[in-house]
Amino acid sequence: MRSVYFHWSLLEHEAERVLDDLARWTNIDTLLFYAWTKTRKGDKLLLPTTDGFEDFDSPAPVVGEAAFDTFSGVLEMAKSKGFKIACHFCPLFAHSSEMLALRNEALHQPTPDELFHGDLIWGCPNNPLTIQYAIAEVRSVIKAWQSAELLQLNHVEYPVWPHTGCGVIFTCFCQHCREAAQSAGLDFAAIEGEARALLDDLTTMPSQNDSVSPPTTNAVLECILRRPMLAEWMTFRTASLTKLISTVTNAAREAAQQFNPQLKIGMDVFLPSLANVVGTDFTSLYPLFDWISPKFPDYLTGSIVPMLADQMNSTGEQARTAELRESLRQILDVGPGPSNYEPSPSHDEELFYRNTFDATIVDRQMTYLNPLKGKVQMNPWVWQYNQDLPLLQEKVSALDRNGFEGYCIWLWKHDLTTSALQESQGIF
Ligand SMILES: [Zn+2]
């Protein structure tokens, strides 16, 4: 599988041009379409009807029959041009303010007008409504998207972008998690206390100028190790997600048997060294899937790490920022960072610094993927940023030399123009 993400905004007017250019200039053989799309009347699921959502007080918004027919026409056209169709599906995501009840509850809960990307509701895996919606959605999508050969689960993890502060990634503390933890015998109030104390520690760590404080990496790890209940919490978070992933995947397999027996199902996994921390136990879950797509995302080192370092830097000193970035990279096992962080020319691609990711990160991360080698097909994710084709070439070569069968590439809309695709000939 050599796939590319197909932006919703290309569907309406440019679909055929992009398909022809991809066929002419690239080796891409699979197109990933997200199950939600943007419309003039807000975000909606690419479904013809709300059949299957009868049990919900507020059914998920759908595009309706006419728009769905148009979309199906694009999928048929893509198939006729030799592409496979993959549905990108996020069981934890909703993009409708009507569905706020699914949301996870963080220590610093963003207000509804501060949602990530403006409208992204990141569900809690222990919320029964999240699970019911995910099952209804996946069943409906499998039933309606008859042209799809593949279904790829994405973002089955806890949030990682500290977009309104570190507190948003300390999640989930909702009533459903509280009840699930208590029935598993955990002292959830004590766990929450430790999580709050850790968050306080991380955002008020002493300056390095203070000669009695340990090196930063040790200090960060010590903040965690001093609180043994946090390990119980991490295990609980992971178990909660494992349950959701298994339940949704089983429902998808059942629906596939009924409506689309050839459908193959895969799962995206965050940077392998971090996947367990964000709750995705891929080394146990891979047997459920036909393939796994580990992510090698530049935005982790180029945006998330710098954001975390800023939020942990109570003093604001520049040297301190550099030191925190470096420590976070050590913990993530992504190798040393640049001595000088070069800002990206624009933030349109959500990348703050352009020179923080290099292809050796792929080599370095292979250790974490060893348990899967030879057992499940792997098609990793790499990103293109700043139209930097030489760097993309290095990433694709790194995937090649590490023996991956295929890949998923994230290109931005401007990377999919005729001239940009022509220029990228020979790379993917
Ligand atoms: Zn929860």
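Start with the contacts of the whole chain: among those between residues at least 6 apart in sequence, 77% join residues at least 24 apart. Two residues are in contact here if their C-beta atoms, placed from the backbone, lie within 7 Å. The model is predicted: local features need pLDDT of at least 70, side-chain atom pairs count only at pLDDT 80 or more, and totals for chains, interfaces and linings use all residues. Residues are numbered from 1 along each chain as its sequence is written.

Keep the whole chain selected. The C-alpha trace spans about 70 × 50 × 45 Å along its principal axes. The chain has 14 helices and 13 strands; helices (H or I, at least four residues) and strands (E, at least two) are DSSP runs, numbered from the N terminus. Of the 428 residues, 43% count as buried. A residue is buried if 20 or more other C-beta atoms lie within 10 Å of its own, exposed if 12 or fewer, and partly exposed in between.

Next, select helix α1, residues 15-25, and colour Val-18, Leu-19 and Leu-22, which are buried. These residues cover an arc of only 100° around the axis, which puts them on the same side of α1. The arc is that of the directions from the helix axis to the C-beta atoms. Now add β1 (2-5), α2 (65-80) and α14 (418-423), which are included in what covers the buried residues of α1.

Move to the largest nonpolar core, which has 121 residues. Such a core is a set of buried Ala, Val, Leu, Ile, Met, Phe, Trp, Tyr and Cys residues joined through C-beta atoms within 7 Å. Helix α7 gives the most to this core, with nine residues. Leu-151 is among the residues with the most contacts inside the core. Select Leu-151 and look for Cys-87, Phe-89, Ile-142, Ala-252, Leu-263 and Ile-265, which it touches, not counting residues up to four places away in sequence.

Go on to Val-156, in the loop between β8 (150-153) and α4 (175-183). Is Val-156 buried or exposed? Val-156 counts as buried, because it has 27 C-beta neighbours inside 10 Å. Add Gly-279: the two are 123 residues apart in sequence and 8.0 Å apart in space, C-alpha to C-alpha.

Finish at Phe-259, in helix α7 (residues 229-259). Phe-259 has 16 C-beta neighbours inside 10 Å, so it counts as partly exposed. Leaving aside neighbours within four places in sequence, Phe-259 is in contact with Ile-142 and Lys-143. Draw a distance from Phe-259 to Gly-426: C-alpha to C-alpha, they are 38 Å apart in space, and 167 residues apart in sequence.
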